[in-house]
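These are my notes from one sitting with a structure file. I went through the ligand, the charged pairs and a handful of single residues, and I wrote down what I looked up in each case.

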Amino acid sequence: MDSPNPTTRLSVLLPYPFDAAFTYEAALAVPPGTLVRVPLGKRMVVGAVWDEAPDESVKTKPVAEILDFPPLPAQLMQFIDWVANYTLARRGDVLALALKESLLGTPSARAKKFAFPAADPALPAPELSAPQASAVAALQEDVRAQKFAVTLLDGVTGSGKTEVYLEAVAQALRQGGQALVLLPEIALSVQFFQRFERRFGAPPAVWHSDLTPALRRETLRAVAAHKAQVVVGARSALFLPFADLRLIVVDEEHESAFKQEDGVMYHARDMAVLRARLAAAPCVLVSATPSLESVENAASGRYKKLDLPTRHGGASLPTVKAIDLRAHPPERGRFLSPVLVAALNETMARGEQGMLFLNRRGYAPLTLCRQCGHRLACPHCTAWLVEHRSHSRLICHHCGHSTGVPPKCPACEAEASFVPIGPGVERIAEEVAQSFPTARTLVMASDMIQGPKQAAAAAEAISERTVNLIIGTQMVAKGWHFPHLTLVGVVDADLGLGGGDLRAGERTVQMLHQVAGRAGRAEAPGTVLLQSFAPEHPVIAALLSGDLPEFLAQEAAQRRPGHWPPYGRLAALIVSATDEKLADATARALARSAPREPGTEILGPAPAPFALLRGRFRRRLLLKAARHVPVQKLMRDWLARTDIPKNVRVDVDIDPVSFM
Ligand code: ADP
Ligand code: ZN
């Protein structure tokens, strides 16, 4: 008997942990990208019609509703497939980065609160210096050409990189297209937003995880409908349904914050390049301290390179000096050398500002018992508890476990026997209060400055000179432009050099060079003092000479022979379980079934540096492969032929940047 309502089958990808699309039926053909509501078990869920052949053999259920939402662009669907394929994530999990059900409600009645005013590229641009103008011309030419191209914009701190790439954004706008700017710490980028608004007369659309659901919903629609022209966002902004994307800028491209470390483990810088290729648009990677990866890509001709070798407006780069802590130690129980104290006093006496940098939140990174040496550790992680004296708490920075300081030592029962070991920014603030009683101090760390409002207030207090001494973690390292800040003191320049991570040296140079770049950005020249026990270390030497290309050349010479990235590829497996024996057994099974193709090498299994994290025991294996090896296929086959018990999780991290 003929069915009274002939139906068509369609594939629907659901934003849940499934790799495959599901097959449904509808009374009429529904184009790919359309968002639909469909039954899944007893629930109704939203998914996207996917551009692939439906399964003709399975029993299907009908689509319940076609949503009133612009269809996902084909480009975005390709991107999702490609990211899943590259990272070995399930496609549904990648789709979830683009599509969360909560975002899809009907347009809010108050949507007019969420206007996306047009950015006006015709407002006056700054008068560009000759090197800036030629960089702008090259980038604008790429935007005009509407072709895929990657450019590394490498310019010293304060050279005007931001001004330059905003002119590339202006070009995309003039051509009626959209632009995406990725920033590593968007919630704190107040000064960027002020400049954007000054240039274009309107704020950009913003995309990050702290937006209210209503604002996210309106932004998503506005991007899809081309009502929002410029999006400034965190890494997940790559998954927005741009109607007409003409340019992607990745600012601070070297930042490891662009790597997502949980769920879908993707590197937003690398995926931005791919997204640009799918959009046939140029991609600009921006940094004063570019990654070795990008520098290599420029050297081999895969990327173009533009240089801005001098600071704007005649400002000179700061003078960097080391303070050898062996020769000039701090007083007992203190952390600032008399040399640094004297320099800070002189700076503040001149009416200028000083900054102390220490990349450690809290009061002290370790608390131990004076009687028996017992150290207070997190019960769920391989980590010490960090004292936060301002909150009277000991906190694990990995799982958030928090407790008061115990009245007695849990090991020897001695009373009031705990002593803090080493400094965090709170402890430096305490020392500053004693050493500089009249200083007007501001501490900037992520647990003290939360969100754009507080960041804006902090920036204003510094610009207006209500404060003259800033103490900060990595939050103060990048982007900021404070004209009166002339002295930067790095409390512990050796921090971050231990550990033996592949990129420890590179990352330390990048971060400290960025911090140093905050000093002397206007007329008054800047000075940077690095407190170190090993001023002869190549990392400190690179900071002193300022010769970053030479440092990267040394790094390259170390990594090339062993095929370490970027001269080879890495992929990590992280095995974790609440049962330690099970984690071990699975890691050993994976070692037995590991690929043995030529050009590959397996490292591990070994306990992860965080052998216990959030209550799970962790083991790591690492595949190292020559560049030509198809790593994804090897990893996929490896996992497919290994029996993974149900209670064990195996995370795949392609191109890992963290080895913890
Ligand atoms: P970078 O991003 O390279 O660190 P910025 O773009 O922040 O440099 O520029 C440093 C400072 O110089 C900013 O205050 C910026 O507004 C200013 N500046 C840069 N180029 C120009 C220019 N051509 N005209 C006016 N001001 C400029
Ligand atoms: Zn913990």
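I count a residue as buried when its relative accessible area is under 20%, as exposed when that area is over 50%, and as partly exposed in between. I also keep in mind throughout that this is a predicted model.

**Entry: the D501 pair**

I began with D501, which has a relative accessible area of 18% and is therefore buried, since the cut-off is under 20%. I found that D501 forms a salt bridge with R507, and the closest N and O atoms of the two are 2.6 Å apart. For R507 I noted a relative accessible area of 27%, so this residue is partly exposed.

**Entry: other salt bridges**

I then ran the search over the whole structure, and it returned 30 salt bridges. The background I had in mind is that side chains of opposite charge can pair when their charged atoms come close.

I looked up R569, which is buried with a relative accessible area of 16%. The side chain of R569 meets that of D655 in a salt bridge, at 3.7 Å from N to O. This pair links distant parts of the chain, as R569 sits in strand β25 (residues 569–577) and D655 in the segment after β28 (649–654), with their positions 86 residues apart in the sequence.

I went on to R619 and E580, whose side chains meet in a salt bridge at 2.9 Å, N to O. Here too the pair links distant parts of the chain, with R619 in strand β27 (residues 616–625) and E580 in helix α15 (residues 580–592), 39 residues apart. I recorded R619 as buried at 6% relative accessibility, whereas E580 counts as partly exposed at 36%. I also noted a network in which salt bridges that share partners join E52, D81 and R91.

**Entry: a charged residue without a partner**

Which side chain of opposite charge is nearest to D494? I found that it is R326, at 8.3 Å, and that D494 is buried yet has no salt bridge. The cut-off for a salt bridge is 4 Å between a side-chain nitrogen of Lys or Arg and a carboxyl oxygen of Asp or Glu. I placed D494 in the loop between β23 (485–490) and α12 (504–516). Apart from residues up to four places away in sequence, D494 touches Q531, S532, F533, A534 and I540.

**Entry: along the same loop and into the helix**

I found L495 in the loop between β23 and α12 as well, and at 29% relative accessibility L495 counts as partly exposed. I compared L495 with N359 and found the two C-alpha atoms 8.1 Å apart in space, although the residues are 136 positions apart in sequence. With neighbours within four places left aside, L495 is in contact with L358, N359, R360 and T508.

I next looked up H513, which is placed in helix α12 and counts as buried at 17% relative accessibility. Residues up to four places away in sequence not being counted, H513 touches T157, A288, T289, L543 and L548.

**Entry: E415**

Is E415 buried or exposed? I read a relative accessibility of 62%, so E415 counts as exposed. E415 lies in the loop between β19 (402–403) and β20 (418–421), and, leaving aside neighbours within four places in sequence, I found E415 in contact with P407 and K408. I also checked E415 against L530, 115 residues away along the chain, and their C-alpha atoms are separated by 38 Å.

**Entry: ligand 1**

I closed with ligand 1, which has 16 residues around it, and of these E127, K161, T162, E163 and R195 come nearest. The largest share of this shell comes from helix α4 (residues 161–174), which supplies three residues.

I then listed the polar atoms. A backbone N or O atom of E127 lies 2.8 Å from a nitrogen atom of ligand 1, and a polar side-chain atom of Q132 lies 2.8 Å from a nitrogen atom of the ligand. For R195, I found a polar side-chain atom 2.6 Å from an oxygen atom of ligand 1. Taken on its own, ligand 1 has 550 Å² of accessible area, and the protein covers 81% of it.

Conventions: Residues are numbered from 1 along each chain as its sequence is written. Chains are lettered from A and ligands numbered from 1 in the order in which they are written. This is a predicted model: local features need pLDDT of at least 70, side-chain atom pairs count only at pLDDT 80 or more; totals for chains, interfaces and linings use all residues. Side-chain values use heavy atoms; hydrogens and water are left out. Helices (H or I, at least four residues) and strands (E, at least two) are DSSP runs, numbered from the N terminus. Buried means under 20% relative accessible area, exposed over 50%, partly exposed in between (1.4 Å probe, protein chains only). Lys and Arg count as positive and Asp and Glu as negative; His and the chain ends are not counted. Contact means heavy atoms within 4.5 Å. A residue is near a molecule or strand if one of its heavy atoms lies within 4 Å of it. A polar contact is a pair of N or O atoms within 3.5 Å; within protein, one must be able to donate a hydrogen and the other to accept it, and residues adjacent in sequence count only if both atoms are side-chain atoms. Accessible areas come from the Shrake-Rupley method with a 1.4 Å probe; for residues, only the protein chains shown count as cover.
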